[in-house]
Amino acid sequence: MKTLFKCCHAFLLCTTLTVFASPAEDLGQFRAYFKDKFPSVPFNEFNNGVYAINEDARIAWQDIEEFPPYEEAILNGKALFETSFTNGRNYGNCFENNGVGVSQNYPYWDRARQQVITLALALNLCREESGIPALKYTEAKLTSILAYMVYTSREMKTNARIPTNDKKALESYKKGKKFYYQRRGQLNFSCATCHIQNSGRRIRSETLSPSLGHTTGWPVYRAKWGSVGTLHRRFIGCSKQMRAKEYKLQSEEYRNLEYFLTYMSNGLPINGPSYRK
Amino acid sequence: MISSYKTMQLTLLSCLLLLACNSAHSGSISKGKSLAFDRSKGNCLACHTIDDGEMAGNIGPPLVNLKMRFSTRDALFKQVWDATTINSKTSMPPFGRNKILSEEEIEHIVEYIWSL
């Protein structure tokens, strides 16, 4: 019976989209799948990506966390965050609770704008409201402010919400979900091929992390980048590996994808910014 | 009725052909190996343990004794050309169908892994 149950999870998650499932049902299946697959990993540990499932990588990572390379970004970000714009306003004015301890609620569905708003986009909308040009999504200024804001949310639980009174919110979630399971590119992979179906296995010498927890630690300092970068930058990296079409940073496609993926990590503690090799 | 002279001639010819084939064969095997290992070509090691290949992944099964699993070379060719025709849920890329490799390149790779 238990095996049958396991098979069902595997089947539903890896292979087909259960088109009529509600987000809450999706979430239940998603968690149960990874719980079955990695029975010795406590739920709260999934926010550590590959380090939750690979002991050798974990040891190397814990060493680096002693003097985290993203620390400077947090400090710079705090200073930038608190600096007033020329009109006297500042970033804090654009957020609830002055922007402290709020990033666990992002991305959210904006009813007035009829789209998914991520924390990075919210920062640029804030600038726009004060008549200041937007920052590039690769700019250190932007990634540092993100690092600081996320830092003030550490230990708070991921809390992406999909309002039930707006059909378009659910549609955006569904688009994100479809994106995740759709095979694409010359190599015919989907995101789920690597991070659900084959999570825990190795592609060459690289262990594939489970998608559960994929959104809690951003932005991350990546050794490969030599800097702090955003979740969407990672989406582009994986699209390249798939030899698939890339979308723009903060494009509607990636924001919907982030909405789905974050919802799947609901309940996991925020632990950004973090380090990845 | 073929004369004994003709038979001799034919035997000689097929001997020569066999010889030629044999050396083409081993050339193909070594070409196949480098295509299979090359990250920008087959990159089969991303997912399979093969031979003396280093840093192999474990998404797919080790490629050994394929003659036990595939009754013909053609069946093996089909697996590499488009694995989704055999298992629609497979993680293995359709190397031929999606033009990741040319038909000739796949022939070499099949020659190589058939020999393991």
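In this predicted model, the area buried between chain A and chain B comes to about 1,700 Å², and carbon and sulfur atoms account for 44% of that area. On the side of chain A, the residues that lose the most area to chain B are Gln186(A), Arg202(A) and Arg204(A), which together make up 41% of what that side buries. Counted by residues in contact, the interface joins 17 residues of chain A to 23 residues of chain B.

Which elements of chain A give two or more residues to the side that touches chain B? They are helix α8, covering residues 191–197, and strand β3, covering residues 202–203. When the residues of this side of chain A are divided by class, 4 are nonpolar, 8 are polar and 5 are charged. Although charged residues are present on this side, the count of salt bridges between chain A and chain B is 0. Polar contacts, by comparison, are found between the two chains in 11 residue pairs, with both residues at pLDDT 80 or more.

The text now turns from the interface to the empty spaces. Rolling a probe the size of a water molecule over the atoms shows where such space is left. The structure holds 3 cavities of 30 Å³ or more, and the largest of the cavities has a volume of about 320 Å³. Its lining consists of 21 residues, of which Leu119(A), Val150(A), Thr215(A), Trp218(A) and Glu258(A) are the closest to the centre. Four helices of chain A each give two or more residues to the lining of this cavity, namely α5, α6 (140–151), α9 (231–241) and α10 (252–263).

The second largest pocket contains about 280 Å³ of space. It is lined by 14 residues, and those closest to its centre are Cys94(A), Phe95(A), Glu96(A), Tyr106(A) and Tyr108(A). Helix α5 of chain A, which runs over residues 119–129, provides the largest share of this lining, with 4 residues. Helix α5 is also one of the elements named for the lining of the largest cavity.

The table sets out the two linings by residue class.

| Space | Nonpolar | Polar | Charged |
|---|---|---|---|
| Largest cavity | 10 residues | 10 residues | 1 residue |
| Second largest pocket | 9 residues | 1 residue | 4 residues |

In the lining of the largest cavity, then, nonpolar and polar residues number 10 each, whereas the lining of the second largest pocket has 9 nonpolar residues beside 1 polar residue.

Key:
Residues numbered from 1 in each chain as written. Chains lettered and ligands numbered in written order. Predicted model: local features only at pLDDT ≥ 70, side-chain atom pairs only at ≥ 80, totals over all residues. Heavy atoms only, no water. 1 Å grid on protein atoms, 1.4 Å probe; cavity = no way out; pocket = protein on both sides within 12 Å on 5 of 7 lines; lining within 4 Å. Points joined across faces, edges and corners; volume = space filled by probe spheres on them. Nonpolar A, V, L, I, M, F, W, Y, C, P; charged D, E, K, R; others polar. Contact = heavy atoms within 4.5 Å. Buried area = accessible area lost by both parts, 1.4 Å probe. Salt bridge = Lys/Arg side-chain N within 4 Å of Asp/Glu carboxyl O. Polar contact = N/O pair within 3.5 Å; in protein donor to acceptor, adjacent residues only side chain to side chain.
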